[in-house]
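Please read this briefing alongside the sequence and the model. It groups the main points by topic.

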Amino acid sequence: MLSIHNLHASIDEKRILKGINLEIKPGEVHAIMGPNGSGKSTLASVLAGREDYTVTDGSVTFNGKDLLELSPEERAGEGLFLAFQYPVEIPGLSTTNFIKTAVNEVRKYRGEEALDAVAFLKLMKEKMAMTNIDQTLLSRSLNEGFSGGEKKRNEVFQMAMLQPKLAILDETDSGLDIDAIRIVANGVNKLRSKDNAVLLVTHYQRLLDYIVPDVIHVLYNGQIVKSGPKELALELEERGYDFIKEQFKAEA
Ligand code: ADP
Ligand code: MG
Ligand code: MG
């Protein structure tokens, strides 16, 4: 589904990603962990197609297409979802209308007709029940005055509505409390199916108590330096990242 080969990326001439290799198959959940500043958010941003990053080498294939050639809208149309694409507050735009536009953009890209009011409402009801989201939240302006937990709930709801093939979640928020962790975990676990995949960027071993990934990768200094099963998170929790840093000093 997603195949990253030798990906290098820079920002303002500064090299950040230095040869990322990663394969994600349908049905899999991959977690990316690693010390601060190692390039986790950069990787997510490059996959999202954010413009401030320059890919200097390597390739990314998504559903057989060259992802790097696609605009962010085309990426969404292909079934890529990035939670942090929409953290902005938009006064006057209700969350419902925002999501309706997003859903219909994706349908248009796929050559499908826009959902009419009845069909959209039906989908909304189904996904509201699934993600346990409140109607009043959806009628408020997008993200305006949302608490951390409400923002997370909203992201998870968007994800459920868009039914992406691959969801990339960058959980950078250091204020992710236990409530928000549960909201994200429930959303991801409900999305999980044999056809969908998730790439979860996280600083928190704790999140992985709720979402059990198939593979964990450690990103350090722009490269994936270690991959392993879910137990790797426990090892990292216990030992911290120092042993990885030490190992690299020793090898350098
Ligand atoms: P992580 O998410 O793993 O904490 P990031 O991808 O955010 O790491 O950052 C990787 C490195 O790139 C850091 O050294 C950071 O300072 C640098 N960086 C990220 N964004 C920018 C930017 N807009 N301008 C300059 N440097 C940046
Ligand atoms: Mg960071
Ligand atoms: Mg980050």
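**Residues with a positive phi**

Glu-13 is exposed, because just 7 other C-beta atoms lie within 10 Å of its own, and a residue with 12 or fewer counts as exposed. This is a predicted model. The points below start with Glu-13 and two other residues, then turn to a sheet, the surroundings of a ligand, a pair of helices and two single residues.

- Glu-13 sits in the loop that links strand S1 (2–11) with S2.
- Although Glu-13 is not a glycine, its phi is positive, at about 70°.
- Most residues other than glycine have a negative phi.
- Asn-63 is another residue other than glycine with a positive phi, here near 50°.
- The loop between strand S4 (54–62) and strand S5 (65–66) holds Asn-63.
- Asn-63 is partly exposed, because 14 other C-beta atoms lie within 10 Å, a count between the limits of 12 for exposed and 20 for buried.

**The six-stranded sheet**

- Six strands form an open sheet with mixed pairing, in the order S6-S9-S10-S3-S11-S12.
- At the edges are strand S6 (80–82) and strand S12 (223–228), each of which pairs on one side only.
- On average, and with direction ignored, neighbouring strands of this sheet are turned by 20° against each other.
- Strands of a sheet pair through backbone hydrogen bonds, either parallel or antiparallel.
- Strand S3 (residues 29–33) and strand S11 (residues 215–220) run parallel and are joined by four bridges.
- His-30 has Val-215 in S11 as its bridge partner.
- S11 also pairs with S12, in the antiparallel sense and over five bridges.
- In that pairing, Gly-228 in S12 is the residue opposite Ile-216.
- Two residues lie between S11 and S12, which form a hairpin, and Asn-221 in the turn has a positive phi of about 50°.
- How many of the six residues of S11 are buried? Five are, and S11 is mostly covered.

**Ligand 1 and helix H1**

- There are 13 residues around ligand 1, and those that come nearest are Gly-37, Ser-38, Lys-40, Ser-41 and Thr-42.
- Strand S2 (14–24) and helix H1 (40–48) are the elements that give two or more residues to this shell.
- H1 supplies three residues, the largest share of the shell around ligand 1.
- Sorted by class, the shell holds seven polar, four charged and two nonpolar residues.
- H1 itself is mostly covered, with seven of its nine residues buried.
- Those buried residues are Lys-40, Thr-42, Leu-43, Ala-44, Ser-45, Val-46 and Leu-47.
- After H1 comes Gly-49, with a positive phi near 90°.

**Helices H6 and H7**

- Helix H6 (residues 148–162) and helix H7 (residues 178–191) have axes that come within 9 Å and cross at roughly 5°.
- H6 is therefore roughly parallel to H7, since angles under 35 degrees count as such.
- From H6, the contact is made by Gly-148, Gly-149, Lys-152, Arg-153, Val-156, Met-159 and Ala-160.
- From H7, the residues that make the contact are Asp-179, Ala-180, Ile-183, Val-184, Gly-187 and Leu-191.
- The residues of the contact of H6 with H7 comprise seven nonpolar, three polar and three charged.

**Two residues in helices H3 and H4**

- Thr-96 belongs to helix H3 (residues 95–109).
- Is Thr-96 buried or partly exposed? Thr-96 counts as partly exposed, because it has 17 C-beta neighbours inside 10 Å and a buried residue needs 20 or more.
- In sequence, Thr-96 and Leu-138 are 42 residues apart, while their C-alpha atoms are 5.3 Å apart in space.
- Apart from neighbours within four places in sequence, the residues in contact with Thr-96 are Leu-138 and Ser-139.
- Leu-121 is part of helix H4 (residues 117–131).
- Leu-121 counts as exposed, because its 12 C-beta neighbours inside 10 Å meet the limit of 12 or fewer.
- Between Leu-121 and Ile-99 there is a separation of 22 residues in sequence and 12 Å in space, C-alpha to C-alpha.

Terms used. Residues are numbered from 1 along each chain as its sequence is written. Chains are lettered from A and ligands numbered from 1 in the order in which they are written. This is a predicted model: local features need pLDDT of at least 70, side-chain atom pairs count only at pLDDT 80 or more; totals for chains, interfaces and linings use all residues. Two strands pair if DSSP finds at least two bridges between them. Axes are lines fitted to C-alpha atoms, for helices over the stretch in contact, and angles run from 0 to 180 degrees between N-to-C directions. A residue is near a molecule or strand if its C-beta atom, placed from the backbone, lies within 6 Å of it. Ala, Val, Leu, Ile, Met, Phe, Trp, Tyr, Cys and Pro count as nonpolar, Asp, Glu, Lys and Arg as charged, and the others, Gly among them, as polar. Two residues are in contact if their C-beta atoms, placed from the backbone, lie within 7 Å. Angles under 35 degrees count as roughly parallel, over 145 as roughly antiparallel, 65 to 115 as roughly perpendicular and the rest as oblique.
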